[in-house]
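I sat down with this one to work through the sheet, the helix contacts and the ligand site. My notes follow in the order I looked things up.

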Amino acid sequence: MSYFSGSLDSLITYWNRKYRAEKFKKLSTRQKAVEIVIKEIAPILKNTFLWIDLGSGAGGIEKYVLSKDFNPNIIAVDFSFAMIENFLTPEFVNRIVADARDNPLKNQIADFVSSFFVWSDYPTVKTPLKEFYRLLKTGGYGLIVDYASGDSYWELRKMLHGYKDIVGNINLRTPKEVIRVMKKIGFEIIKGEYISYQVPFDSMPQLITSTELALMKFQNPDFYNSYLEYMTKQIHARRFYYVIGRKNA
Ligand SMILES: C[S@@+](CC[C@H](N)C(=O)[O-])C[C@H]1O[C@@H](n2cnc3c(N)ncnc32)[C@H](O)[C@@H]1O
């Protein structure tokens with residue numbers, strides 16, 4: 001396993017782009033997963049005093065949550081200036097530019113810590129989950145949502161990583177792998193599962209142009225054949241979410 005874009009430096013550069021922040025204001029194919037998750041965490045969030053979102057992006061999720069009549073105090077942490085500068089609801093959210101895996105926030109201040117689609121960029125989930133644990137009060141809750149193994153769009157991008165400008169070296173994990181780490185850190189697993197749904201290929205960001213596809217036929221027939229197969233299918237979106245709790249002091 002390695003970093004999504006090859007190295008930590010290139011990952012920071014990758015995310016620190018204004019156009020990417022603009023793109024992440026929309027939930028797009030993450031909408032469905034986020035809706036399910038909000039239902040699961042609604043009872044928790046309603047009474048939440050402080051919510052810390054690690055790898056917040058440009059606030060698409062915060063805006064969505066606030067539109068659902070939840071009223072938590074929110075701290076959004078992201079290492080991308082572009083994301084934090086272009087944040088959607090800055091008047092309601094405290095924002096910090098920092099590495100979420102080693103952030104300046106004090107121990108055990110949060111009632112709720114979350115990450116949406118962040119740690120599949122990384123070779124390990126252990127470091128960020130330890131940070132969840134450090135930030136959470138005893139009795140607090142965590143939530144992790146991410147792209148999971150079996151997601152066909154990301155499997156395709158993974159296969160094409162490095163072809164033209166395609167970045168796709170994502171770490172797609174099974175819930176089993178993540179659960180093992182959570183338990184080791186000391187979390188109680190409260191609820192979680194795979195979320196699966198179909199998305200039309202056309203609705204996904206297109207990875208190559210028709211000219212590039214024609215070229216690929218000669219340059220790399222294996223890629224070409226796999227690509228055609230994906231184009232004719234619905235994309236199988238696969239994500240996992242876990243609600244976890246910190247029981248111990
Ligand atoms: C796929 S985007 C998801 C954004 C947001 N959670 C959402 O779902 O709309 C991943 C985000 O995580 C941020 N990120 C990645 N690694 C990070 C780290 N170590 N510390 C803080 N932010 C990080 C990126 O800058 C980017 O904004």
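Below are my entries, starting with the sheet.

**Sheet.** First a reminder to myself that this is a predicted model. I looked up the strand order and got β3-β2-β1-β4-β5-β7-β6, an open sheet of 7 strands with mixed pairing. The edges are β3 (93–97) and β6 (188–200), and each of these pairs on one side only. I also checked the twist: neighbouring strands are turned by 15 degrees against each other on average, ignoring direction.

I then zoomed in on one pair. Strand β1, residues 50–54, runs parallel to β2, and I counted 5 bridges between them. For a landmark in that pair I picked Trp51, which sits opposite Ile74 of β2.

**Ligand.** Next I asked which residues are closest to the ligand. They are Trp15, Gly55, Gly57, Ser80 and Ala100, out of 20 residues that surround the ligand. Two elements give two or more residues to this shell, namely α4 (60–67) and β2 (73–78). So much for β2 as just a sheet strand; I noted that β2 turns up here and in the pairing with β1. Sorting the shell by class, I got 10 nonpolar, 5 polar and 5 charged residues.

**α6 with α8.** On to helix packing, where I kept in mind that two packed helices are described by the angle between their axes and by the distance between the axes. Helix α6 (residues 126–135) packs on helix α8 (residues 175–185) at about 45 degrees, and the axes are 10 Å apart. The two are therefore oblique to each other. I looked up the hand of the crossing too, and for α6 and α8 it is right-handed. On the α6 side I listed Lys126, Leu129, Lys130 and Tyr133, which meet Val181, Met182 and Ile185 of α8. By class this contact has 5 nonpolar and 2 charged residues, with no polar ones.

**α7 with α10.** Are these two parallel or antiparallel? Helix α7 (residues 152–160) and helix α10 (residues 221–232) pack at an angle of about 165 degrees, with 11 Å between their axes. That makes the pair roughly antiparallel, since angles over 145 degrees count that way. The crossing of α7 with α10 is left-handed. I wrote down Ser152, Leu156, Met159 and Leu160 from α7, and Phe223, Ser226 and Tyr230 from α10. The class split for α7 with α10 is 5 nonpolar, 2 polar and no charged residues.

**α9 with α10.** Last stop, another partner of α10. The axes of helix α9 (residues 210–219) and α10 come within 6 Å, crossing at roughly 130 degrees. α9 is therefore oblique to α10. Which residues meet here? From α9 I have Leu213, Met216 and Lys217, and from α10 Pro221, Phe223, Tyr224 and Tyr227. This contact holds 6 nonpolar residues, 1 charged and no polar ones. One residue I flagged in the margin is Phe223, listed in the contact with α9 and also in the one with α7.

Terms used:
Residues are numbered from 1 along each chain as its sequence is written. This is a predicted model: local features need pLDDT of at least 70, side-chain atom pairs count only at pLDDT 80 or more; totals for chains, interfaces and linings use all residues. Axes are lines fitted to C-alpha atoms, for helices over the stretch in contact, and angles run from 0 to 180 degrees between N-to-C directions. Helices (H or I, at least four residues) and strands (E, at least two) are DSSP runs, numbered from the N terminus. Angles under 35 degrees count as roughly parallel, over 145 as roughly antiparallel, 65 to 115 as roughly perpendicular and the rest as oblique. A crossing is left-handed if the near helix is turned anticlockwise from the far one by less than a right angle, and right-handed if clockwise. Two residues are in contact if their C-beta atoms, placed from the backbone, lie within 7 Å. Ala, Val, Leu, Ile, Met, Phe, Trp, Tyr, Cys and Pro count as nonpolar, Asp, Glu, Lys and Arg as charged, and the others, Gly among them, as polar. A residue is near a molecule or strand if its C-beta atom, placed from the backbone, lies within 6 Å of it. Two strands pair if DSSP finds at least two bridges between them.
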